[in-house]
Amino acid sequence: MHQTIFRGSVVLFAVLLSPTGVLPLASAQTPWNRHTIDDTHRGADGVRLGDFNGDGLPDVVTGWEESGLVRLYLNPGSAKATEPWPAAMIARAKSPEDAVPIDLDGDGRLDIVSCHEGKQRQLLVHWNDTSASDSQSSNLLNEQNWTTDRFKQLDGVMWMFALPLGTIDSRTALVVGAKGPKATITLLLGPPTGSRDLSTWTTIRLREAGWIMSLRSVDMDHDGDQDIVFSDRKGKRRVAAWLEQPDDPLQTWTEHVIAGQGREVMFLTATAERCLISTRNSDSLDCRRAGDAWHVTTLKHPTGVNNGKAIERFHDGRIVLTANTHASPNRDLPGIWIRDPQGNWSAIDPTTAVKFDRMELIDLDGDNDLDVMTCEERQNLGIIWYENPAR
Ligand SMILES: [Ca+2]
Ligand SMILES: [Ca+2]
Ligand SMILES: [Ca+2]
Ligand SMILES: [Ca+2]
């Protein structure tokens with residue numbers, strides 16, 4: 001605590017002595033415009049994208065943890081993206097941590113899988129019952145066209161994150177990660193022909209886990225199949241690493257360490273050559289690959305921002321960070337920041353005492369730059385996006 005205050009004082013002192021007289025304090029810069037997709041429920045927990053109505057625009061699925069809801073939002077297009085989006089109530093179920101689009105029965109229409117912790121502790125499936133002839137937006141938004149089922153074989157575990165992994169041997173593949181007792185990273189493989197009978201799915205435990213924070217599919221060894229990049233934030237084996245997809249999915253998925261052993265690693269973003277990992281600390285990890293090794297540099301967060309949550313990178317080298325400043329010793333700090341290639345941070349939104357989540361970088365206003373979609377659950381900003389300002 002003392003250390004934090006002292007460090008803050010040093011920064012302030014340096015600013016006052018700045019010879020240019022220009023305050024380099026980033027939060028003094030113009031914030032980005034914030035637009036609200038939905039703020040009418042509580043505990044928005046993650047944004048996951050998929051095109052449900054086939055109009056080429058990514059739609060978004062979110063679990064509202066405190067309200068116990070899974071909802072779908074249809075992207076209205078750039079002209080209307082600044083207004084609240086048309087929404088559907090997909091399901092009411094307690095403690096959703098993550099909800100993700102995936103066509104599980106192979107009928108060509110996206111279904112939704114939601115992960116539940118708390119007392120619910122289940123992996124639920126929400127079947128999209130619209131048919132090819134009526135797969136319009138109004139039908140997708142009709143709650144009666146969605147029915148909820150579950151993977152009973154996964155009951156009793158706190159599932160935290162789900163990742164579609166394409167197909168393996170022509171079978172639909174879904175990876176799920178958990179926290180707490182009996183936590184694993186588990187692979188689910190559908191029957192060879194599409195089916196809604198979830199008891200026929202093959203369950204393959206890939207790795208024990210403490211608390212899986214994020215899962216990404218990347219072909220890390222360039223052999224044409226998707227490998228699994230993950231962050232495990234708790235327990236003896238906590239690390240950011242990747243699991244190599246073997247020829248036969250029942251064989252061992254060899255684990256390759258990237259970075260963050262012994263650290264509380266949060267959301268990560270990865271390509272085969274570079275991995276950015278946020279940590280629940282005062283820095284994030286920037287990992288660049290050199291053959292089988294990774295060169296890791298630490299990326300200091302803005303002063304006092306100690307609970308990193310997610311990190312993403314723009315094409316031009318700028319980096320955006322979200323954090324949980326509501327849980328920081330000093331709550332009086334913004335929780336979404338952008339860092340220019342020179343290393344200067346500025347706040348995208350000056351709102352303080354906030355808890356942000358993972359992000360999607362996506363152009364929502366059609367001006368060819370990437371905007372930032374995310375959600376926030378302490379000031380109840382809800383599901384939001386920040387408009388990348390013209391530069
Ligand atoms: Ca769409
Ligand atoms: Ca489907
Ligand atoms: Ca591969
Ligand atoms: Ca844009």
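Tutor: A residue is called buried when its relative accessible area is under 20%, exposed when that area is over 50%, and partly exposed in between. Keep this in mind for everything that follows, and remember also that the structure above is a predicted model.

Student: Is Asp349 buried or exposed?

Tutor: Asp349 has a relative accessible area of 4%, so it is buried. Its side chain meets that of Arg34 in a salt bridge, with N and O 2.7 Å apart, and Arg34, at 37% relative accessibility, counts as partly exposed.

Student: Which strands hold Arg34 and Asp349, and how many residues apart are they?

Tutor: Arg34 belongs to strand 1 (residues 33-38) and Asp349 to strand 25 (residues 345-352), so that this salt bridge links distant parts of the chain, 315 residues apart.

Student: How many salt bridges does the structure hold, and what other pairs should I look at?

Tutor: The structure holds 25 salt bridges. One of them joins the side chains of Arg207 and Glu255 at 2.7 Å, N to O; because Arg207 lies in strand 13 (residues 202-208) and Glu255 in strand 17 (residues 254-259), the pair ties together parts that are 48 residues apart in sequence. Here the arginine is the buried partner, with Arg207 at 5% relative accessibility, while Glu255, at 28%, counts as partly exposed. In a further pair, Arg358 forms a salt bridge with Glu360, the closest N and O atoms being 3.1 Å apart, and both of these residues are buried. Salt bridges that share partners also join Arg42, Glu66, Lys355, Glu377 and Arg378 into one network.

Student: Where is Glu377 found, and which residues does it touch?

Tutor: Glu377 is found in the loop between strand 27 (371-376) and strand 28 (382-387), and with a relative accessible area of 5% it is buried. Leaving aside residues up to four places away in sequence, Glu377 touches Gly43, Ala44, Asp45, Glu65, Glu66 and Lys355.

Student: Now the metals: which residues are the protein donors of the calcium ion (ligand 2), and why is the arrangement irregular?

Tutor: The general idea is to compare angles with ideal values, which for six octahedral donors are 90 or 180 degrees. Around the calcium ion (ligand 2), the protein donors come from Asp103, Asp105, Asp107, Arg109 (O) and Asp111, and they lie 2.3 to 2.8 Å from the ion. The six donor atoms subtend angles of 49 to 166°, which makes the arrangement irregular. In sequence the donor residues are spaced D-x1-D-x1-D-x1-R-x1-D; among them, Asp105 is buried at 10% relative accessible area, whereas Asp107 is partly exposed at 29%.

Student: What spacing do the donors of the calcium ion (ligand 3) follow along the chain?

Tutor: They follow D-x1-D-x1-D-x1-D-x1-D, and the protein donors, from Asp219, Asp221, Asp223, Asp225 and Asp227, lie 2.3 to 2.9 Å from the ion. Asp219, at 17% relative accessibility, counts as buried, and Asp223, at 43%, as partly exposed.

Student: Finally, what strand order does the open sheet of four strands have?

Tutor: The order is 18-19-20-21, with antiparallel pairing. Strand 18 (265-270) and strand 21 (293-300) stand at the edges with a single partner strand each, so one side of each is left without a neighbour in the sheet. The twist averages 20° from one strand to the next. Four bridges join strand 19 (residues 274-279) to strand 20 (residues 283-290), and Leu276 stands opposite Asp286 in strand 20.

Note on methods: Residues are numbered from 1 along each chain as its sequence is written. Chains are lettered from A and ligands numbered from 1 in the order in which they are written. This is a predicted model: local features need pLDDT of at least 70, side-chain atom pairs count only at pLDDT 80 or more; totals for chains, interfaces and linings use all residues. Side-chain values use heavy atoms; hydrogens and water are left out. Donors are N, O and S atoms within 2.8 Å of the metal (3.2 Å for Na, K and Ca); water is not among the atoms, so sites may look incomplete. Four donors count as tetrahedral if all angles lie between 85 and 135 degrees; four count as square planar and six as octahedral if opposite donors are over 155 degrees apart and all others between 65 and 115; anything else is irregular. Buried means under 20% relative accessible area, exposed over 50%, partly exposed in between (1.4 Å probe, protein chains only). Helices (H or I, at least four residues) and strands (E, at least two) are DSSP runs, numbered from the N terminus. Contact means heavy atoms within 4.5 Å. Two strands pair if DSSP finds at least two bridges between them. Axes are lines fitted to C-alpha atoms, for helices over the stretch in contact, and angles run from 0 to 180 degrees between N-to-C directions. A salt bridge is a side-chain nitrogen of Lys or Arg within 4 Å of a carboxyl oxygen of Asp or Glu.
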